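Q: Please take a close look at one part of this model, the open sheet, together with the elements around it. How are its strands ordered, and what lies across them?

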Amino acid sequence: MNTTEKIYQAFTKAYKVSTDSRKIEKDAVFFALKGENFDGNDFALPVAEAGIASLVVCDRDDIPQHERILKVDNTLTALQDLARHHRKQMKAKVLSITGTNGKTTTKELVSAVLSQKYNIINTQGNFNNHIGVPLTLLTIKPKTEIAVVEMGANHPGEIDTLAHIACPDFGLITNIGKAHLEGFSSFEGVVNTKTELYRYIKQNGEFVFVNRGNELLWGLSSEQKRVSYGCHCGADYPVAPGECKPYLNVKWKKRLIETRLVGEYNFENAAAAIGVGQYFGVDDDKIQAALEAYQPTNSRSQVIESGKNHIIMDAYNANPTSMQASVRNFRKICGENHLLILGDMRELGQESENEHKAILKLLEELDYKAAYLVGPNFCAYSGCKRWWTFPNVDDLFQYLEAHPVEGKDILVKGSRGIKLEKVLPLL
């Protein structure tokens, strides 16, 4: 019996794992992972002695011997190997979703639709990296029929690594835009990494779902089996955008689906869920019901009525593609009494100056009257005196305390690291 099989034997006692020594359920396997500010190996022996975990997997030589401790060369690799092994033991089909923008929303919408007919599991939150994907796969149960697995990446090769862990049957790339350029070096690097999912499916899976209206993705997927959706007459599952004031309506067959999604850019996410749902035979009424019931969370295009202002909170993440889409969409739906609160876009490397200047130029073209720009990049590159700049969110917070905002339509958009959610109580 090899190491993975030994761990799997312990795992099947409860089908549970833990990476947090403070939150271990009975008979779970504890993996002593290393982080930037901690080393799970420090807790290996106490966890083993507590007797709650069925097995403790660690990789440090100085850990004492114990009947519940198994030492391996690399704990993270052991976790990934276990996830891959478990995935292959289960009958569930795996649909992997990646992309520059919209992958989490698309994952949520697809899951909402598929759950109307199937027993599914999906990625929780944005648990989409080299640790999150294995942990998601390990929640697959014998009764699970479909696993919807989100995959994120900020360096070349990461999608390929995750695909070889998840072994997806189907793949879906939402779009490809400018994000994490610091890690990818160039837009071409982004394209090459995201399409690692296509290449894995071509060699090992069944087919990919592709937005027929996205010329880049349509071209990149031309040499493999695919099912298409979107706003294109040639799509296998056609769907069209309706009005967006501010919530998105979707025209599908003879139906008008009234979503709770803000922004025209969410059309592609909804279209993907409709296409996937139709392929898997979900009833039309149930597809519509699932999309209309979905409510965005975690600062992703949330509409908030604060009592003082009408707020669109979209500060979970930001890159040039999503920032431009949000700014353009907000101009269409906001009144003249509007306010932009925009935070820096991070991880753009050498392209940071050009991309921030492009956003500032767009604000001028769209004739925005009021904007609060937060972060060192916007401060450095903003030459327009009509807008206010703040080095950080704490400075903006102090300004808003002294200058309350009321009766405004407000868009809050920025990279997570700027922490624009801090000012929400003042809006």
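A: Within this predicted model, a hairpin links β12 to β13 through 2 residues. The two strands, β12 at residues 240-244 and β13 at residues 247-252, are antiparallel and share 3 bridges. Ala240 has Lys251 in β13 as its bridge partner.

The open sheet itself has 7 strands, paired in parallel, in the order β6-β7-β5-β8-β9-β10-β11. Its edges are β6 (120-122) and β11 (237-238), each of which pairs on one side only. At the β11 edge, the neighbour is β10 (residues 226-230), which runs parallel to β11 and is joined to it by 2 bridges. Tyr229 stands opposite Tyr237 of β11. Strands of a sheet pair through backbone hydrogen bonds, either parallel or antiparallel.

Helix α4, residues 103-114, lies across four strands of the model: β5 (93-98), β6, β7 (146-150) and β8 (170-173). Its direction is at about 170° to β7.

A helix pair can be described in the same detail. Helix α3 (residues 75-89) and helix α6 (residues 158-166) have axes that come within 7 Å and cross at roughly 50°. The two helices are therefore oblique to each other. On the α3 side, the contact involves Gln80, Ala83, Arg84 and Arg87, which meet His164, Ile165 and Ala166 of α6. Sorted by class, this contact between α3 and α6 has 3 nonpolar, 2 polar and 2 charged residues.

How values were computed: Residues are numbered from 1 along each chain as its sequence is written. This is a predicted model: local features need pLDDT of at least 70, side-chain atom pairs count only at pLDDT 80 or more; totals for chains, interfaces and linings use all residues. Side-chain values use heavy atoms; hydrogens and water are left out. Two strands pair if DSSP finds at least two bridges between them. Contact means heavy atoms within 4.5 Å. Axes are lines fitted to C-alpha atoms, for helices over the stretch in contact, and angles run from 0 to 180 degrees between N-to-C directions. Angles under 35 degrees count as roughly parallel, over 145 as roughly antiparallel, 65 to 115 as roughly perpendicular and the rest as oblique. Ala, Val, Leu, Ile, Met, Phe, Trp, Tyr, Cys and Pro count as nonpolar, Asp, Glu, Lys and Arg as charged, and the others, Gly among them, as polar.
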